[in-house]
Amino acid sequence: MGIGTSRIFGGMVLMATGVFQWTPLKNACLRHCRSPIGFLLTEWRDGSRGAFQMGLHFGAYCVGCCWLLMALLFIAGVMNLWWVAAITAFVLLEKVVPAGLWIARASGIMLVLWGGWMLATAVRS
């Protein structure tokens, strides 16, 4: 349930995710997500409305960082807890480990290769 069955669609999403891992937008969002305390110190707003605005602002960085990784769940299965856990662990590694940027880039290469393989096998069959 919730698994993408088109190998062409799957390959395209994998390749798009891999390419996104190398973009300046991904790097900028990842930089902000890695330092929430820095965000709080520079973007502080008083009151409930300010907290809401800060949450939206910071949430936009986190969505910008991981939206295509979450889209991979449509390929692996939205309700598959193993894939959800694996992607969650990967996102955590990207954000917490000092070499997170290089982990993102290495994964980008692997995702493009995986997507290319899926597209190639879809064309052959």
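**Exercise 1. Sort the lining of the largest pocket by residue class.**

Solution. Let's start with the result: the lining of the largest pocket has 11 nonpolar residues, one polar residue and no charged residues. Keep in mind that this is a predicted model.

Step 1. Find the residues. The lining is made up of L14, L69, L72, I75, A76, W83, I87, F90, S107, M110, L111 and W114.

Step 2. Trace them to their elements. Helix 5 (73-76), helix 6 (81-96) and helix 7 (100-124) each give two or more residues to this lining. Helix 7 supplies the largest share, four residues.

Step 3. Apply the classes. Ser is not in the nonpolar or the charged group, so it counts as polar. S107 appears in the lining, and the lining has one polar residue.

Step 4. Add the volume. The largest pocket comes to about 280 Å³. The idea behind such a search is simple: a probe the size of a water molecule, rolled over the atoms, shows where empty space is left.

**Exercise 2. Describe the overall fold of the protein chain.**

Solution. Work from the elements outwards.

Step 1. Count the elements: the protein chain has seven helices and zero strands. Read from the N terminus, the order is α-α-α-α-α-α-α.

Step 2. Look at the dimensions. The C-alpha trace spans about 60 × 30 × 20 Å along its principal axes.

Step 3. Look at the surface. The accessible surface is about 7,800 Å², and carbon and sulfur atoms account for 77% of it. Of the 125 residues, 33% count as buried.

Step 4. Check how the chain meets itself. Taking contacts between residues at least 6 apart in sequence, 76% join residues at least 24 apart.

**Exercise 3. Check whether the span of helix 7 agrees with its number of residues.**

Solution. Compare an expected span with the one in the model.

Step 1. Helix 7 has 25 residues, and at 1.5 Å a residue it should span 36 Å. The expected span uses one less than the number of residues.

Step 2. The end C-alpha atoms of helix 7 are 36 Å apart, so the two values agree.

**Exercise 4. Decide whether S107, M110 and G116 of helix 7 are buried, partly exposed or exposed.**

Solution. Use the cut-offs: buried is under 20% relative accessible area, exposed is over 50%, and partly exposed lies in between.

Step 1. S107 has a relative accessible area of 6%, so S107 is buried. Beyond its neighbours within four places in sequence, S107 is in contact with Q21 and F90.

Step 2. M110 has 56%, so M110 is exposed. The C-alpha atoms of M110 and A86 are separated by 15 Å, with their places 24 residues apart along the chain.

Step 3. G116 has 28% relative accessibility, so G116 counts as partly exposed. The C-alpha atom of G116 is separated from that of K95 by 27 Å.

**Exercise 5. Find what packs against the buried residues of helix 7 and helix 2.**

Solution. Take one helix at a time.

Step 1. The buried residues of helix 7 include G100, A104, S107, L111 and M118. A useful rule: an α-helix has 3.6 residues a turn, so residues three or four places apart point the same way.

Step 2. The buried residues of helix 7 pack against helix 1 (7-20), helix 2 (24-34) and helix 6.

Step 3. In helix 2, the buried residues are K26, N27, C29, L30 and C33. Their cover includes helix 1, helix 3 (36-43), helix 4 (47-71), helix 6 and helix 7.

Conventions:
Residues are numbered from 1 along each chain as its sequence is written. This is a predicted model: local features need pLDDT of at least 70, side-chain atom pairs count only at pLDDT 80 or more; totals for chains, interfaces and linings use all residues. Side-chain values use heavy atoms; hydrogens and water are left out. On a 1 Å grid over the protein atoms alone, a cavity is a set of points where a 1.4 Å probe fits but cannot get out, and a pocket is an open set with protein on both sides within 12 Å along at least five of seven lines; lining residues have an atom within 4 Å of a point. Grid points are joined across faces, edges and corners, and a volume is the space filled by probe spheres set on the points. Buried means under 20% relative accessible area, exposed over 50%, partly exposed in between (1.4 Å probe, protein chains only). Contact means heavy atoms within 4.5 Å. Accessible areas come from the Shrake-Rupley method with a 1.4 Å probe; for residues, only the protein chains shown count as cover.
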